[in-house]
Amino acid sequence: EERRRAADQDTLGAMHFSIRLRNFLLNENYPESTRVIDVFKGTSLAEMMQTVNMGKQTVKEFTDKAEKIVGADVVQRWLDGRL
């Protein structure tokens with residue numbers, strides 16, 4: 001049980017996103033059980049920014065919250081297009 005709870009902390013469902021960001025993730029087929037690192041591996045910043053209603057503020061929300069889980073280095077590599 002303890003190991004399962006620890007694993008659940010790195011999922012999208014454990015994060016408190018805005019409705020806009022949550023809808024984007026669901027529309028891109030990232031259910032709440034998806035690990036945060038898998039979102040970074042599955043979509044690029046350019047792809048995210050091409051989505052209607054996604055802008056700098058929403059991307060910043062995602063990266064700020066995800067940084068606590070995956071680390072600043074992973075987020076920066078993703079922003080640089082190197083992940």
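**Exercise 1. Decide whether Phe17 is buried or exposed, and do the same for its aromatic partner****.**

At 10% relative accessibility Phe17 counts as buried, where buried means under 20% relative accessible area, exposed over 50% and partly exposed in between, with a 1.4 Å probe and protein chains only. The model is a predicted one, in which local features need pLDDT of at least 70 and side-chain atom pairs count only at pLDDT 80 or more, while totals for chains, interfaces and linings use all residues. Residues are numbered from 1 along each chain as its sequence is written, and side-chain values use heavy atoms, with hydrogens and water left out.

To find the partner, apply the ring criterion: rings of Phe, Tyr and Trp (its six-membered ring) pair if their centres lie within 6.5 Å, and planes under 30 degrees apart count as stacked, over 60 as edge-to-face and the rest as tilted. The count by this rule comes to 4 aromatic pairs. One of them joins Phe17 and Phe62, with 6.0 Å from centre to centre and 45 degrees between the planes, which is a tilted pair. The pair links distant parts of the chain, 45 residues apart, since Phe17 sits in the loop between α1 (2-8) and α2 (19-27) and Phe62 in helix α5 (residues 56-70); helices here are DSSP runs (H or I, at least four residues), as strands are (E, at least two), numbered from the N terminus. Phe62, at 0% relative accessibility, is buried.

**Exercise 2. Classify the ring pair of Phe40 and Trp78, and place both residues in the fold****.**

The ring centres of Phe40 and Trp78 are 5.0 Å apart and the planes stand at 80 degrees, so the pair is edge-to-face. Phe40 belongs to helix α3 (residues 36-42) and Trp78 to helix α6 (residues 72-79), so the pair ties together parts that are 38 residues apart in sequence. Phe40 is buried at a relative accessible area of 1%, and Trp78 is buried at 3%. As a last step, Phe17, Phe40, Phe62 and Trp78 are assigned to one aromatic cluster.

**Exercise 3. Describe how α5 and α6 cross and which residues make the contact****.**

Two packed helices are described by the angle between their axes and the distance between the axes. The axes of α5 and α6 come within 7 Å and cross at roughly 140 degrees, the axes being lines fitted to C-alpha atoms over the stretch in contact, with angles from 0 to 180 degrees between N-to-C directions. That makes α5 oblique to α6, because angles under 35 degrees count as roughly parallel, over 145 as roughly antiparallel, 65 to 115 as roughly perpendicular and the rest as oblique. With contact taken as heavy atoms within 4.5 Å, α5 contributes Val59, Thr63, Ala66, Glu67 and Val70, and α6 contributes Ala72, Asp73, Val74, Val75, Trp78 and Leu79.

**Exercise 4. Find which residues of α6 are buried and what covers them****.**

In α6, Val74, Val75 and Trp78 are buried. These residues span an arc of only 100 degrees around the axis, which puts them on the same side of α6; the arc is that of the directions from the helix axis to the C-beta atoms. Their cover includes α3, α4 and α5.

**Exercise 5. Characterise Asn29 by location, backbone and exposure****.**

Asn29 lies in the loop between α2 and α3. Although Asn29 is not a glycine, its phi is positive, at about 65 degrees. At 66% relative accessibility, Asn29 counts as exposed.
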